[in-house]
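Student: Could you take me through one part of this model up close? I'd like to see how the two domains of a chain meet, and then what sits inside one of them.

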Protein chains: 2
Amino acid sequence: MEDSNQFKRTDINELGEFTLIDHLTFDAILKQPSTIKGIGDDAAVIDSGDHFTLVSTDMLVEGIHFDLAYTPLKHLGYKSVIVNLSDIYAMNGIPTQITVSIAISNRFSVEALEELYAGIHLACDLYNVDLVGGDTTSSQKGLIISITAIGEVEKTKVVYRSGANIGDIACVTGSLGGAYLGLQMLEREKQIYQEHPSVQPQLDEHEYLIGRLLKPEARKDAIAYFEENNVIPSSMIDVSDGLSSELFHLARQSGVGFIIDEDMVPIHIDTQKLAIDFGIDPITCALHSGEDYELLFTIKEKDLEAIRMMPDVAIIGEVVSGSEGLHLRTNSGNKHALSAQGWKHFER
Amino acid sequence: MEDSNQFKRTDINELGEFTLIDHLTFDAILKQPSTIKGIGDDAAVIDSGDHFTLVSTDMLVEGIHFDLAYTPLKHLGYKSVIVNLSDIYAMNGIPTQITVSIAISNRFSVEALEELYAGIHLACDLYNVDLVGGDTTSSQKGLIISITAIGEVEKTKVVYRSGANIGDIACVTGSLGGAYLGLQMLEREKQIYQEHPSVQPQLDEHEYLIGRLLKPEARKDAIAYFEENNVIPSSMIDVSDGLSSELFHLARQSGVGFIIDEDMVPIHIDTQKLAIDFGIDPITCALHSGEDYELLFTIKEKDLEAIRMMPDVAIIGEVVSGSEGLHLRTNSGNKHALSAQGWKHFER
């Protein structure tokens with residue numbers, strides 16, 4: 001810490017989240033021989049002797065990450081667990097335990113907390129994870145949820161962001177852009193309701209998109225498929241900030257580039273329809289919106305046949321040299337440079 | 001979740017923290033064979049093959065757990081790590097990694113965060129722990145710090161709260177009550193300053209007590225001594241909520257009682273002096289105030305000689321049958337029943 005710091009004031013918004021955490025943890029020297037991987041992947045990797053232990057943590061803050069006006073507490077509890085499990089799967093691991101810390105203001109009742117925990121317990125049951133620790137405390141304002149997920153992976157099967165090689169094939173599970181449009185829908189209905197409280201929200205036809213936002217699932221099925229079919233992706237990351245942003249992470253950490261085929265990017269028909277309703281190009285939505293919690297991964301060419309048989313996966317492009325950069329190839333064969341902007345920039 | 005819940009509103013203050021977390025996690029069924037111990041001890045215990053992995057988590061909230069009016073950010077970062085490491089030591093383990101999640105409002109500058117992280121890095125260096133993950137996010141109000149500590153312990157050496165037996169000897173490291181008086185001192189000076197901003201705080205002579213509050217240490221020396229001298233405590237817990245409260249935890253989980261000798265409870269001379277200044281009986285202060293982060297443990301009689309040679313440890317009493325309850329034995333031989341009230345109740 002330099003003395004001159006005390007005279008300087010840099011607004012935290014001047015640095016983005018990734019730059020900030022890089023900046024603050026830059027000088028974190030690893031001292032423990034058991035620390036295989038620290039900050040910079042979906043989870044930390046710790047040597048536990050016969051396997052690796054994986055650790056990932058996430059904090060969700062009311063008013064920043066969720067709006068209780070349209071987020072049922074049970075869904076919130078469920079989702080809080082899912083976003084953490086997704087990080088463990090993104091290392092090709094199996095989540096085994098979680099801890100849950102919650103800070104709450106007095107405006108919450110015990111019954112409200114029971115709803116929240118009902119969602120947490122449900123996710124634990126469905127994903128076969130144990131709730132083993134935590135903390136409940138008061139907050140001055142709002143609800144804050146901090147979850148740490150623990151998992152394990154065979155040492156030879158751990159998958160980092162850094163393993164993609166030129167000639168590998170880029171794939172993504174499920175479909176993209178839905179959670180963002182679910183959010184836009186709920187924000188629009190909230191605004192209408194605030195202006196005209198007598199108008200009932202029309203949400204039935206948007207069940208799919210709202211489900212993508214409020215009750216996402218983590219792709220344990222993908223990890224199970226890899227295991228059954230002896231596939232180890234060369235690199236992997238979960239899609240929390242948008243496909244484009246995650247491609248940049250894989251590219252930077254693997255030292256490669258990507259060419260993505262526009263018409264291969266999976267977009268659900270409901271997402272396409274509503275995007276057009278909102279005046280957004282569906283591909284922009286799929287590339288730059290977050291919270292889908294799908295898995296983006298690369299495979300070696302030899303695993304292509306196994307992945308072609310995999311349910312709910314799209315082959316979206318190929319890994320090229322770092323000097324070629326990141327591009328989207330349109331139907332007409334044009335190439336457009338991708339930008340790394342995620343969710344937050346997209347909202348502006 | 002019963003339907004009738006939606007018509008019921010129980011204030012969260014009606015349940016204490018411990019009752020609340022018990023209530024919310026009561027139906028957490030453990031499904032993973034690797035989960036040895038879930039909620040209810042200082043840390044969760046996970047089977048990692050050749051050793052146990054320990055996991056503990058704590059959340060610190062501005063305005064609830066700390067007041068930035070008199071808490072330097074570097075000290076806060078340091079202490080946030082220490083309170084988590086203390087939980088790992090309380091299982092007779094060695095901490096190896098931490099993750100740090102922080103939510104901050106815009107009023108904090110990058111330089112302020114650097115100060116906070118300087119304290120976090122310093123604690124990591126001094127306790128040989130790696131910072132391996134985390135999250136920085138916005139908060140609507142104030143600063144929230146959530147830390148998870150990971151540690152390890154040989155399977156035969158893990159110490160639970162539940163292992164105390166009749167005839168065992170109760171011991172505590174360091175001295176008690178200091179952090180609470182440090183807090184009272186700083187609160188008093190803050191109030192004087194708010195009323196008379198020209199009066200300079202007189203804190204020099206209270207360096208010890210203020211240090212106990214603002215820069216506590218975790219007792220890694222005690223764990224090292226146990227290892228070197230082949231002592232395995234029969235039960236152990238860290239003193240975060242007050243000696244009396246921790247004795248009740250050991251008693252309940254071990255199914256035993258305690259007799260504690262009043263004049264054996266270690267109280268620093270500065271604590272004694274200031275307690276009297278504040279009109280508090282020093283023993284009340286030592287029994288019922290928290291945040292000392294010392295270790296309370298019980299040993300078998302065969303280990304008594306080894307513990308007599310241990311630096312900075314007091315033998316404070318003995319383990320008796322559960323039916324005898326928990327008592328303080330005064331100099332004059334009278335026995336007073338102990339109450340479980342901790343820090344928060346004491347403040348009323």
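Tutor: Let's start at the seam: 18 residues of domain 1 of chain A are in contact with 19 residues of domain 2 of chain A, contact meaning that the C-beta atoms, placed from the backbone, lie within 7 Å. On the domain 1 side, helix H2 (residues 73-89) of chain A gives the largest share, nine residues. Helices here are DSSP runs of H or I with at least four residues, strands are E runs of at least two, and both are numbered from the N terminus. By class, that side of domain 1 has 10 nonpolar, four polar and four charged residues; Ala, Val, Leu, Ile, Met, Phe, Trp, Tyr, Cys and Pro count as nonpolar, Asp, Glu, Lys and Arg as charged, and the others, Gly among them, as polar.

A word on the ground rules: this is a predicted model, where local features need pLDDT of at least 70, side-chain atom pairs count only at pLDDT 80 or more, and totals for chains, interfaces and linings use all residues. Residues are numbered from 1 along each chain as its sequence is written, while chains are lettered from A and ligands numbered from 1 in the order in which they are written.

As for the bounds, domain 1 of chain A covers 3-157 and domain 2 covers 169-347, as set by an automatic or database domain assignment. Their C-alpha centres lie 22 Å apart.

Now step into domain 2. Seven strands of chain A make an open, mixed sheet, ordered E8-E10-E7-E11-E9-E12-E13, where pairing takes at least two DSSP bridges between two strands. At the edges, pairing on one side only, are strand E8 (235-239) and strand E13 (335-337) of chain A. Further in, strand E7 (residues 169-173) runs antiparallel to strand E11 (residues 313-321) of chain A, with five bridges between them. One partnership to look up is Ala170(A) with Gly317(A) in E11(A).

Finally, try helix H8 (residues 269-277) of chain A, where Thr271(A), Leu274(A) and Ala275(A) are buried, that is, with 20 or more other C-beta atoms within 10 Å of their own, all placed from the backbone. These three share one side of H8(A) because they cover an arc of only 105° around the axis, taken from the directions from the helix axis to the C-beta atoms. The buried residues pack against helix H4 (178-195), helix H5 (207-214) and helix H9 (282-288) of chain A. On the other side, Ile269(A), Ile276(A) and Asp277(A) are exposed, the cut-off being 12 or fewer such atoms. After H8(A) comes Gly279(A), with a positive phi near 75°.

Notes. Contact = placed C-beta atoms within 7 Å.
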